[in-house]
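Visitor: Could you pick one spot in this model and look at it closely, then follow the chain outward from there? I would like to hear what the geometry says at each step.

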Amino acid sequence: MKKFDAIVIGAGQAGAPLAKKLALAGMKTVIIEKRFYGGTCVNDGCTPTKTWVASAKAAYMAGKSADLGVPVKKFAVNMPRIKKRKDDIVMQSRIGGQHAAEKIKGLDVVFGEATFTGDKTVSVKLKNGKKQNIQADQIFLNVGAKPFIPEIEGLAEIKYLTSTTILDLDYVPEHLLVLGGNYIGLEFGQMFRRFGSKVTILEKSERIVSREDEDVSAEMQRILEAENINVLTNTHATKFKQKTGGKITVTTTSNGQEKKIRCSHVLVAVGRTPQTETLGLDKAGVETDEKGNIKVNSKLETNVKGIYALGDVKGGPAFTHVSYNDYAIVYRNLIEKQNLSITDRLVPYCMFTDPQLGRVGIDETEARKQGLEYKVARLPMSHVARAIETGDTRGFMKAIIDVKTRKILGATVLGPEGGEIMTVLQMAMEGGITYDTIRYFIFAHPLYAESLNNLFLALED
């Protein structure tokens, strides 16, 4: 049995920086990763997908460039080159993070699968087949989540894609059917439509991105359909069948009507599930909820003192920046003796469709449910000078205002650089800056952010 001060399981966006900081603080630390250093963000999420989004945007702009007076007569999508660029960027980030960790004194980097064998004890099945038993008083779990695969007749028998395996494609599918009309499904759907695939999106709810306000969902659907993406809402996939030649037939139902759709590829993007099944949490006495998420308190500690869970594995908002903030909270509480909590933290997010959907705080639906006294500020991007000048007036920006305090309760921006504009409003919310103060800010002209003056203008009446 090898003893450490701290064991970190999972080298994701919480585990990797936490392990480094603990070691630098003088704690003998080991970080265990069963796959690739950097976790989902670096290997299967943010880094590769946003690299592909950039390539897809270039293809889109080539097709639209004539509108700006610069006609591109002929262009082609080189998928092998697009994939290689993505792979190179991913590898640079992965190996860079791993090498940086391996250089830190007091930090052991181990590749293998970790399983609890008892109270504060872990067995690691190494890549070479051997086992290593380790022990520590403090253990940090950052094992993340994986794509959820629903039980639908025939799905297990076809060669379906997930948000991980689709990144291995070096060709453009003829017809990509996307199961799920939320963030992952919409990003990939638009991306591959721009690469040249025919794309159909199936969403079982009444609208896509159903966690957003209805006007946001409607506008997003209009944007996608303008690119000839077939969006089918209130539609359930009930059966999959793949022929010997590879073609897939999908049986769907909508409002009691059955329909068959033929496609070449299926992307399953209906959510993610925590990777807790092989951790042996019962041996450590760590509690989970009915979905397998690890239960934590406001300080991210589990029901077992000294064992913490960070990132997607604990449930809640599954974003890289949340995982990183989890690390910052745990580290500062343990090493700097602060008293930080995840309660009421402001969590922004951005969906990297084009245009982007940036969101922070509550939306109109939530304000109405809470019975708040609020006002809505709304501005179409067609009224934003910068959007008009760049030739992209899709979408709108929207903010929820507390009538009494004049503070911003939430903001949604669906438009060019939507995430960046949202972040300006997030900073105002963090600093308690009221909308009427922003109304008279001097912004550099003609930035997108300058339109925040006009967003709040109507509220002055």
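**From a cysteine outward**

Guide: Cysteine 350 is partly exposed, because its relative accessible area is 21%. Please keep in mind as we go that this is a predicted model. Cysteine 350 belongs to the stretch 349-351, which is strand 16. You may wonder about its bonding partners, so let's settle that early: no disulfide turns up anywhere in the structure. For cysteine 350, the nearest cysteine sulfur belongs to cysteine 46 and is 11 Å away, and cysteine 350 is in no disulfide. Cysteine 46 has a neighbour of its own in cysteine 41, but the two sulfurs are 3.1 Å apart, which is too far for a bond. The cut-off that rules the pair out is 2.5 Å. Cysteine 46 is also partly exposed, since its relative accessible area comes to 31%.

Cysteine 46 leads us straight into helix 3, which covers residues 46-64. This helix has two helical partners to look at.

Take helix 5 to begin with, residues 183-195: its axis comes within 8 Å of that of helix 3, and the two cross at roughly 40 degrees. The angle therefore makes helix 3 oblique to helix 5. In handedness, the crossing of helix 3 with helix 5 is left-handed. On the helix 3 side, the contact is formed by Thr49, Lys50, Trp52, Val53, Ser55, Ala56, Lys57, Ala59 and Tyr60, and helix 5 answers with Glu187, Phe188, Met191, Phe192, Arg194 and Phe195. Sorted by class, this contact holds nine nonpolar, two polar and four charged residues.

The other partner is helix 4, residues 79-102. Its axis comes within 9 Å of the helix 3 axis, at a crossing angle of roughly 145 degrees. Here the crossing is right-handed. Helix 3 brings Thr47, Pro48, Thr51, Trp52 and Ser55 to this contact, where they meet Met79, Ile82, Lys83, Arg85, Lys86, Ile89 and Val90 of helix 4. By class, the residues in this contact are six nonpolar, three polar and three charged. The spacing along the chain has a simple background: an α-helix has 3.6 residues a turn, so residues three or four places apart point the same way. Trp52 and Ser55 deserve a second glance, as they appear in the contact with helix 5 and again in the contact with helix 4.

Back at strand 16, two loops are worth a visit. The loop leading from strand 16 to strand 17 (356-361) contains proline 355. The peptide bond that joins aspartate 354 to this proline is cis, and its omega is near 5 degrees. On the other side, the loop between helix 8 (320-334) and strand 16 holds lysine 337. Lysine 337 is not a glycine, yet its phi is positive, at about 60 degrees. With a relative accessibility of 66%, lysine 337 counts as exposed. Both features stand out against a simple background: most residues other than glycine have a negative phi, and most peptide bonds are trans.

Lysine 120 makes a nice companion to lysine 337. Its phi is also positive, at about 60 degrees, although it is not a glycine. Lysine 120 sits in the loop between strand 3 (107-118) and strand 4 (121-126), but in its case the relative accessible area is 14%, so it is buried. One residue in contact with lysine 120 is isoleucine 139, whose other contacts beyond four places in sequence are Ile7, Ile9, Phe116, Val122, Gly306, Ile307 and Tyr308. Isoleucine 139 lies in strand 5 (residues 131-141), and at 0% relative accessibility it is buried.

Strand 5 and helix 8 come together in our last stop, helix 1. The buried residues of this helix pack against both of them, as well as against strand 1 (2-9), strand 2 (29-33) and strand 3. Those buried residues are Gly15, Ala16, Pro17, Leu18, Ala19, Leu22 and Ala23. Because seven of the 10 residues of helix 1 (residues 15-24) are buried, the helix is largely enclosed by the rest of the structure. After helix 1 comes glycine 26, with a positive phi near 100 degrees.

Notes
Residues numbered from 1 in each chain as written. Predicted model: local features only at pLDDT ≥ 70, side-chain atom pairs only at ≥ 80, totals over all residues. Heavy atoms only, no water. Axes fitted to C-alpha atoms, helices over the stretch in contact; angles between N-to-C directions. Helix = DSSP H or I, 4+ residues; strand = E, 2+ residues; numbered from the N terminus. Parallel < 35°, antiparallel > 145°, perpendicular 65-115°, else oblique. Left-handed = near helix turned anticlockwise from the far one by under 90°. Contact = heavy atoms within 4.5 Å. Nonpolar A, V, L, I, M, F, W, Y, C, P; charged D, E, K, R; others polar. Buried < 20%, exposed > 50% of the residue type's maximum accessible area, 1.4 Å probe, protein only.
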